Amino acid sequence: MEEKIKICICGGGNGAHVMAGLAAAHARTEVQVLTLYQDEAVVWTEKMKQGDLIIARNNPDRTVEEIKAKPAVITKDAGQATQNADVIIFCVPAFAHKQYFEAIAPYVKENMSIIGLPGQPGFEFQCLDILKDKARSCTILDYESLPWACRLAEFGRKVDLLATKDSLIGSLISGKSQPKHDPVELLQLIFGEHPILIKGNNYLETVLMVKGFAHPALMYGHWMNWDGKPVEEKPLFYQGLTEFAASVLWDVSQEIVNTAKAISKARPEVTMENVEHFESWIIRNYRHTIQDPTNLYTAMKTNTAYGGLVHPMQEISPGKYIPDFHHRYLEEDVPYGLAVTKGVAQIVGVATPCTDKVITWAQGHLGKEFLVGSELKGKEFKDTRAPQAFGLNTLDDLLSLM
C-alpha cells in the first residue's frame, strides 16, 4: 500500500475546517490538525466522536454536495501535529502566524513544504525571519487568497462551502528544498477541478495580490464620517456598499497596481503581470455568483456569495450597534495587509495617497501609529509585516529572497 502523504493544517476556523475535510476525504492523505487557540483542539476532538466532519459544498448548478471525512489527529501539541508531516498548511489569520511559526519551529525539517492559504502579505518575510536557515531548506508556497467563501455551521462538525474561486495564483520560494511531493500538484489533487492553481512569477506578485486591503478600505469608506451615534441595524458589508466606499477600494487597488508596475520598470526581468486590479479580480473569480458585472460597485453589490454579510458591530444595548474597530478587518488587515503593500510602494517610490488616508484613519481607531505623514516610521510600525520591519529597505533586499 502506498504511504499516505501527511498534512499538518494549522488553524481552527472556517478555512481550516474546509481544508481539513477536503484533505482528509482523499485516499492518499492523512490530516493532522494543529489549533493553538484556547481549548479548540479538545472541543473539536470531542465533536469528532459524534461523527464525521461535514462539508456542505454549494455547486454552481445550485445543488449541495456533502463531503464527509475525519482528520486523524486534532491537537494543541505542535510536535504531535507535525510528526512525519510532508506539508504544513497555514489556514489561520495572519496575526496568529507568528505564534504558529514559533510553535512548529523546533519540528520543521528539510524538504517540508510550508503553505500559506492564504499567507497574507509578509508571510515569506515572517517565515524566513522565525525559521531562519530551516526555511531555506523548505519550499515556501503562498496563495493570494482562501480558495473558498465558507462559513462554520457548527464548530468541529459542519462547514458550509458557499462558493469556490475559479483560479488561484501562488508563489514559490524553493531555496534548497527537494520536496517528496510537489506541493502545487498535491493541493490541486485535494481541491479537484477548481480552483485552478496557477504558479505566479515571484513572491512579490503574491504580496501585492492578496486582497486583505479590501476590508479596511471598505470600513473607511463606510465609517470615516460616522458621528459616533449607535445605529439600529447592522449594515450589510458588501451589498450595502456605497459608491464612495467602492471608489476608495478602487483607488487603493490602483495604487497597488502602480507599485507592481514600478517594480517591473526598475527591474524589467521581474515580471509582475499577475497583479491585477480588484475589479477584474472579483469579476473573474465570482462570475457565477455576480449578477451585475458592470463595474466594481455593481459586482460587489450583486455578488450572492457575499449575501447577508454585515459590518463588524458591537451591540451596546438591545438593538443599538456601534462599529467594532478592533475586528480583524482593521486589527489584522492593516498591519498584515495595507502596511505591507505600503512598505513595498515606499521602497519603489510610488505615491499612495488613498492608502495613506485609510491607514491614518484606521490606526487612530486601533490606538496605534504605523504611519507618520506618508512614511512607515511610526512607533508601532515594527509590529507590522512591512518589509522594513524585517530590515528589508531596498528593492535589492526584496529581490534577494527570490
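Biologist: Between which strand and which helix is the loop of Gln38 found?
Modeller: This is a predicted model, in which local features need pLDDT of at least 70 and side-chain atom pairs count only at pLDDT 80 or more, while totals for chains, interfaces and linings use all residues. Residues are numbered from 1 along each chain as its sequence is written, and side-chain values use heavy atoms, with hydrogens and water left out. Helices (H or I, at least four residues) and strands (E, at least two) are DSSP runs, numbered from the N terminus. The loop that holds Gln38 lies between S2 and helix H2 (40–48).

Biologist: Why is Gln38 called exposed?
Modeller: Buried means under 20% relative accessible area, exposed means over 50%, and partly exposed lies in between (1.4 Å probe, protein chains only). Gln38 counts as exposed because its relative accessible area is 52%.

Biologist: What is the phi of Gln38?
Modeller: Most residues other than glycine have a negative phi. Gln38 is a residue other than glycine, yet its phi is positive, near 40 degrees.

Biologist: Gln120 also has a positive phi; is Gln120 buried or exposed?
Modeller: Gln120 lies in the loop between S7 and H5. Its phi is about 70 degrees although it is not a glycine. With a relative accessible area of 14%, Gln120 is buried.

Biologist: Which residue does a cis peptide bond join to Leu117?
Modeller: Most peptide bonds are trans. The bond after Leu117 is cis, with omega about -5 degrees. The partner residue is found in the loop between S7 and H5; it is Pro118.

Biologist: What is the omega of the cis bond between His194 and Pro195?
Modeller: Pro195 is found in the loop between helix H7 (183–191) and S12. The cis bond that joins His194 to Pro195 has an omega of about 0 degrees.

Biologist: Which strands stand at the edges of the open sheet?
Modeller: Two strands pair if DSSP finds at least two bridges between them. The open sheet has 8 strands with mixed pairing, in the order S5-S2-S1-S6-S7-S8-S11-S12. Each edge strand has a single partner, so one side of it is left without a neighbour in the sheet; these strands are S5 (73–75) and S12 (196–199).

Biologist: Which residue in S7 is the bridge partner of Ile88?
Modeller: Strand S6 (residues 87–90) and strand S7 (residues 113–116) run parallel and are joined by 4 bridges. Phe90 stands opposite Gly116 in S7. For Ile88, the bridge partner in S7 is Ile114.

Biologist: Are Ser113, Ile114, Ile115 and Gly116 of S7 buried or exposed?
Modeller: Ser113 and Ile115 lie on one side of S7, and Ile114 and Gly116 on the other. Both faces of S7 are covered, and these residues are all buried.

Biologist: At what angle do helices H4 and H5 cross?
Modeller: Axes are lines fitted to C-alpha atoms, for helices over the stretch in contact, and angles run from 0 to 180 degrees between N-to-C directions. The axes of H4 (residues 97–104) and H5 (residues 123–131) come within 10 Å. They cross at roughly 35 degrees.

Biologist: Which residues of H5 make the contact with H4?
Modeller: Contact means heavy atoms within 4.5 Å. H4 contributes His97, Lys98, Phe101 and Glu102. From H5 come Phe123, Gln126, Cys127, Ile130 and Leu131.

Biologist: With which residues is Gly307 in contact, leaving aside its neighbours within four places in sequence?
Modeller: Gly307 is found in the loop between helix H12 (296–301) and strand S13 (313–317). It is partly exposed, with a relative accessible area of 28%. Its contacts beyond those neighbours are Arg151 and Gln239.

Biologist: Which residues does the UniProt annotation "domain: Opine dehydrogenase" cover?
Modeller: UniProt positions are given in the numbering used here, feature names are shortened, and annotations may be inferred rather than shown by experiment. Over the stretch in question the chain is 52% helix and 5% strand, and the end C-alpha atoms are 36 Å apart. According to the unreviewed UniProt entry, the annotation covers residues 201–364.
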